[in-house]
2 protein chains.
Amino acid sequence: MDNGERRVLTESQLEQSAAAAKKAAQALQILNNDIKNQALKAIYQALQDRAAEIYRANQQDLERAAEQKLPDPLVKRLYLDRHKLDVLKEGISGLLKMPDPAGQIKLAEQLDQDLNLYRVTCPIGVLAVIFEARPDALVQIAALAVKSGNAVIMKGGTEALATNRALADILSAACHGILPEGWLHLIEAREEVDRLLALDQYIDLIIPRGSNAFVQYIMSHTRIPVLGHADGVCHTYLAADVDPLLARRVVIDAKTQYVSVCNATETLLFDQALTQTLMPELLTDLINKGVSLSADAATAALLPAFDFAPVKNWHYEYLDLALSVKAVPDTEAAIRHINTYGSHHTDAILTRDQTRAEHFMQAVDSANVFWNCSTRFSDGFRYGFGAEVGVSTSKLHARGPVGLDGLMTYKYKLYGKGQIVADYSEGRSHFTHQPLPPDQAPQV
Amino acid sequence: MDNGERRVLTESQLEQSAAAAKKAAQALQILNNDIKNQALKAIYQALQDRAAEIYRANQQDLERAAEQKLPDPLVKRLYLDRHKLDVLKEGISGLLKMPDPAGQIKLAEQLDQDLNLYRVTCPIGVLAVIFEARPDALVQIAALAVKSGNAVIMKGGTEALATNRALADILSAACHGILPEGWLHLIEAREEVDRLLALDQYIDLIIPRGSNAFVQYIMSHTRIPVLGHADGVCHTYLAADVDPLLARRVVIDAKTQYVSVCNATETLLFDQALTQTLMPELLTDLINKGVSLSADAATAALLPAFDFAPVKNWHYEYLDLALSVKAVPDTEAAIRHINTYGSHHTDAILTRDQTRAEHFMQAVDSANVFWNCSTRFSDGFRYGFGAEVGVSTSKLHARGPVGLDGLMTYKYKLYGKGQIVADYSEGRSHFTHQPLPPDQAPQV
């Protein structure tokens, strides 16, 4: 969408921005928690002092959205009012209370007398985050970047152009003189995203948030590591011994509480022993909630009283009031189905049997595996991470909801007194390999 | 190199192997430490009982190498004798003593009464490891795969064809009936590697070990995550206050102890205050060790007594008795040089000043940052990891030498009693977000 207002950087301007972010990232590596918290406090204060500017900018976006007759849910996400600003400030207060995620010693080992090794957390470097309409995401991501010590290049939704620009300006101004210049960049044009994908000498990690097709596109067009999830084909499996009332509550929540999100249940698996008992009631509940049901022929034949559409594809994410339903002979069949057709995001078992639940949770190869609760719980805020940059279905680095931890890497620091490898390889010295107390400052 | 002996799988056979590995990986997910250790013991015993077969196969490879007049260092790596077999068995004994890397609780949190969240380590799934001539790597990688609970597809060097085949057969036979079939696959042809790169539905992680160009090629031709390092342009920086004797010992070791490895120093940076004091002695030491020196014009002008070749490229990995040398005005300039031209592998500062060393180690953006010791120490065995699959210069997932830890991911397990998200979003329930004791079994 070109509304004639976007700033479009030339290729060389964009590369300069990325290079500036890289330079800022190197300066951010050595900031301590006090300075990062000082920046967060300045952001908090600026959001308070300059709220009127934010509302005015948001009003411009809302007016343009009305002219362009954008759909209601999009407009709702675009809205940035006093309540949403309060939530943002609360999030910043939460980050202020957290310990510094950098400089944490994760391993401490004496390799030999006076040769001590430490694995210490540190920021990743430069993040590129691409997010959708919701302009409050800009503040959340920037605040996470500050606390984690990463520089960040952001591309927000075009619908929120004015709000994003106002927020980025306010945040940059607030941190001027506290953080290194270049820590925050906002880009505004879709075509710049393609150019970003080639800048692997400057950008360490891309976090795309958006449609399945968009995330897949990013993953296929860059050598930069990508953190995110393409889709959420989540399952809820009902074992034969499930508590019927619990099942009816949890399945309705998992499917209908909010349908357009990645952790909503898209496929319901049930032990065929439940065909005549729980299923008629449960399916009636779902239909009463407006859910349209799909099933394979075998399952449909078991439940002739219901009107099922055929299932075309078991790896299908409805993001709507719709559900695939399948009868399985036992828990092993449910596990096989989920591991074959799922997206390794969130899958739940409802059962009274702890042994069965533990087996399911160990054998299902997904980022989040739940017992007796709704798949909708897999979320950084609900997990108590304070904020999240997204949910990862990658098995590398960060998996599941990604908070501050996922924005950190580590380095090995080795403190010596002149040791050389030749002494060890020629038998004059020998490694001791003894653990050191991990909560002490490096011993020298 | 086609020697007429390799098995080359068709595209569909290769896909079947990968699918079998995926299936095995799902069975490996639920194995406990006792069974994995039982498999390691069986491997240990088989290496002992069937040593003669291994030596015979190795003899075939050595004879073919002699016919083909392969270079001496390659033949040396190819050799698998009693001593190397003992080292392999020692490595397996080490793994047997280690705790299970799977099932470790890394985070435990009560989200609400009876709603408990655990972050638990688990295997990644299917690893594809591509390694060079050294056949003992096959046993090390297989043993790491067993202990970590990952299935593995391996491609060894063609020079070690007979030895690799014998080892793979012996390991498979040893673990028959203990581990799920399909946990270990050996492929033998280079063209199969290209096909592997497309099998992202089965393979979770590729670990290539080999030349710079080879690793770059792999990284550019697959959507599967790659763990490894393309190159090792390591630096040693001499601060003005360095202990001269320490510097001479450490630099000689870092450059000459073993030149063809990624953690050898390739660039020596020195504070220009050392030009008339330490440098003439140190450079003479290096020349006496056969090291040829390169420098930029400014550095060469400072040291007219020495014969420098020009430096063409500061990002240059010699892997030989050769060294780039550069004078810098201060520590900040050294840090900038390393962050600009290095490969983020291993970089050392030699100084008497702890504050200067700590600053260098925090500001240099490399996987391994050392004070007063040789860059050659960055290695999984020297770090006490027991074994390593390689050194990673990626900032995501595992960085530096990668041992068992790097072969694990985690999942979130949430234990509920029927909780639904609607209760929390509508204010009937509230999250408590209290830490739970991390060393207890999940509370239900």
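In which sense, parallel or antiparallel, do strand S16 of chain A and S13(B) pair? They pair in the parallel sense, over five bridges. The model is predicted. This briefing covers the contact between the chains, their symmetry, the nonpolar core and one helix of chain A.

**Strand pairing across the chains**
- Strand S16 of chain A spans residues 408–419, and its partner across the contact is S13(B).
- Within this pairing, A:Leu414 stands opposite B:Phe370 of S13(B).

**The contact between chains A and B**
- Chain B gives 62 residues to the contact, and chain A gives 62 residues.
- On the side of chain B that touches chain A, the strands that give two or more residues are S1 (105–112), S2 (115–123), S13 (368–373) and S16 (408–419) of chain B.
- The helices of chain B that do so are H9 (212–220), H10 (244–256), H14 (354–363) and H15 (421–425).
- S16(B) supplies the largest share of that side, with 11 residues.
- By residue class, the side of chain B that touches chain A holds 29 nonpolar, 20 polar and 13 charged residues.

**Symmetry**
- A turn of 180 degrees, with a shift of 0.0 Å along the axis, lays chain B on chain A with an RMSD of 0.0 Å.
- This is the relation of a two-fold axis.
- In chain B, the C-alpha of B:His397 is the one nearest the axis, at 1.7 Å.
- Of the interface residues of chain B, 100% are also interface residues in chain A, so the copies meet through the same surface.

**Nonpolar core**
- The largest nonpolar core has 283 residues.
- The members that touch the most other members are A:Ile43, A:Ile141, B:Ile43 and B:Ile141.
- Leaving aside residues up to four places away in sequence, A:Ile141 touches A:Val129, A:Phe131, A:Val152, A:Met154 and A:Val389.

**Helix H13 of chain A**
- H13(A) covers residues 331–341, and its buried residues are A:Thr331, A:Ala334, A:Ile335 and A:Ile338.
- Seen down the helix axis, the buried residues of H13(A) fall within an arc of 100 degrees, so they line one face.
- An α-helix has 3.6 residues a turn, so residues three or four places apart point the same way.
- The exposed residues A:Glu332 and A:Thr340 sit on the face of H13(A) turned away from its buried side.
- The cover over the buried residues of H13(A) includes four strands of chain A, namely S7 (234–238), S8 (265–271), S11 (322–328) and S12 (346–350).
- Helix H14 (354–363) of chain A is also included in that cover.

Notes:
Residues are numbered from 1 along each chain as its sequence is written. Chains are lettered from A and ligands numbered from 1 in the order in which they are written. This is a predicted model: local features need pLDDT of at least 70, side-chain atom pairs count only at pLDDT 80 or more; totals for chains, interfaces and linings use all residues. Two residues are in contact if their C-beta atoms, placed from the backbone, lie within 7 Å. Ala, Val, Leu, Ile, Met, Phe, Trp, Tyr, Cys and Pro count as nonpolar, Asp, Glu, Lys and Arg as charged, and the others, Gly among them, as polar. Two strands pair if DSSP finds at least two bridges between them. Copies are superposed by least squares on the C-alpha atoms of residues with pLDDT of at least 70 in both. A nonpolar core is a set of buried Ala, Val, Leu, Ile, Met, Phe, Trp, Tyr and Cys residues joined through C-beta atoms within 7 Å. A residue is buried if 20 or more other C-beta atoms lie within 10 Å of its own, exposed if 12 or fewer, and partly exposed in between; C-beta atoms are placed from the backbone. The arc is that of the directions from the helix axis to the C-beta atoms.
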